[in-house]
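Me: Could you walk me through this one, a few questions at a time?
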Amino acid sequence: MISKVLVLSCLVAAVICESKLKVDVISVPEGCSVKSKSGDMLTMHYTGKLTDGTKFDSSFDRDQPFTFQLGAGQVIKGWDQGLTDMCVGEKRKLTIPSELGYGERGAGNVIPGGATLINIGDTAPTTNVFKEIDENKDMQLSREEVSEYLKKQMIAADGGQESDDIKNMIAEHDKLVEEIFQHEDKDKNGFISHDEFSGPKHDEL
């Protein structure tokens, strides 16, 4: 269930020998009153690197934080599991074994098969997600606009390459779009208005 949108932290990846997900909390802001849970929309910055220092992806390079629904299978399992119970503004380091990452196949030509991923993060600046999704600037979000936005986010999270895993997620993501509309489209008119949208929409539209 989408009950809120949290701006969180996460960032970096590497190949090391780990057999289970490891979560290291680097910093936690004072007064943590809201924590992430499955179904929340999260916004964060991240950078992916291999153990030799090779960077394979970074939201900073695109100057755009990454937004996804936690627990919906839009990202690797290590993220879905490692970013729960996280405070707004918290910074974490995730060490993700390959079975919770890209498995034995790896991803494209940049992430080797069997690679364990390490993710460390920085708080993403609050971004106007509504504005980013609303491509025709009509102050309401259609299913097509939400669908295209989610596809772009999925591909961006996969290092800009459409791997088989991402293709499978895209093929099944219509269910996610419908789930979003069930919770966000309060008046059930087939569009999510600016007032209905629960995500970041802070700047002038």
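Me: Which residue in S6 does methionine 41 stand opposite?
Reply: Happy to help: this is a predicted model, where local features need pLDDT of at least 70, side-chain atom pairs count only at pLDDT 80 or more, and totals for chains, interfaces and linings use all residues. Residues are numbered from 1 along each chain as its sequence is written, and side-chain values use heavy atoms, leaving out hydrogens and water. S4 and S6 run antiparallel, joined by four bridges; strands pair if DSSP finds at least two bridges between them. Across from methionine 41 in S6 is glutamine 69.

Me: How are the rings of tyrosine 46 and phenylalanine 66 arranged, stacked or edge-to-face?
Reply: Rings of Phe, Tyr and Trp (its six-membered ring) pair if their centres lie within 6.5 Å, with planes under 30 degrees apart counted as stacked, over 60 as edge-to-face and the rest as tilted. The structure holds six aromatic pairs. In the pair of tyrosine 46 and phenylalanine 66, the centres are 5.9 Å apart and the planes at 80°, so the arrangement is edge-to-face.

Me: How far apart in sequence are the parts that this pair ties together?
Reply: Strands (E, at least two residues) and helices (H or I, at least four) are DSSP runs, numbered from the N terminus. Tyrosine 46 lies in S4 (residues 41-49) and phenylalanine 66 in S6 (residues 66-69), so the parts tied together are separated by 20 residues.

Me: Is tyrosine 46 buried or exposed?
Reply: Buried means under 20% relative accessible area, exposed over 50%, and partly exposed in between (1.4 Å probe, protein chains only). Like phenylalanine 66, tyrosine 46 is buried.
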